[in-house]
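Student: I would like to go through the terms used for this model and see what each one rests on.
Tutor: Then ask why each label applies, and we will set the values against the cut-offs.

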Amino acid sequence: MKGRKRCRMHGGTNPGAPKGNQNARKHGGYSAQTKEAMRYVKAIARLVRDAP
């Protein structure tokens, strides 16, 4: 099949994973800044929970 990596009739070899890093996009959910913000929020929650 011209211009293709796989035969439409017989399958052929697997071309592998997509090129580039599109499936591993960083979201920042575990960045140092986010971790620090979560520690701050949890500390406030503990103070509120333990308040008389």
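**Salt bridges and surface**

Tutor: In this predicted model, the side chains of E36 and R39 meet in a salt bridge, with 3.0 Å from N to O.

Student: Why is the contact of E36 and R39 called a salt bridge?

Tutor: The N to O distance is 3.0 Å, and the rule asks for a Lys or Arg side-chain nitrogen within 4 Å of an Asp or Glu carboxyl oxygen, so the pair qualifies. Both residues lie in helix α1, three residues apart, which is about one turn of the helix.

Student: What makes E36 partly exposed?

Tutor: Its relative accessible area is 45%. Partly exposed covers the range between under 20% and over 50%, so E36 falls there.

Student: How many salt bridges are there by this rule?

Tutor: Two. R49 and D50 form one of them, their closest N and O atoms being 3.5 Å apart, which is within 4 Å.

Student: Why are R49 and D50 called exposed?

Tutor: R49 has 61% relative accessibility and D50 has 56%. The cut-off is over 50%, so both count as exposed.

Student: What makes V48 exposed?

Tutor: Its relative accessibility is 62%, and exposed means over 50%, so the label holds. V48 is placed in helix α1, residues 32-50.

Student: Which residues form a nonpolar patch with V48 on the surface?

Tutor: Y40, V41 and I44 do, and together with V48 they have about 410 Å² of accessible area. V48 passes the patch cut-off of over 30% relative accessible area because its value is 62%.

Note on methods
Residues numbered from 1 in each chain as written. Predicted model: local features only at pLDDT ≥ 70, side-chain atom pairs only at ≥ 80, totals over all residues. Heavy atoms only, no water. Patch = residues over 30% accessible without salt bridge, like charges linked within 9 Å, V, L, I, M, F, W, Y side chains within 5 Å. Areas by Shrake-Rupley, 256 points an atom, 1.4 Å probe, with all protein chains shown as cover. Helix = DSSP H or I, 4+ residues; strand = E, 2+ residues; numbered from the N terminus. Buried < 20%, exposed > 50% of the residue type's maximum accessible area, 1.4 Å probe, protein only.
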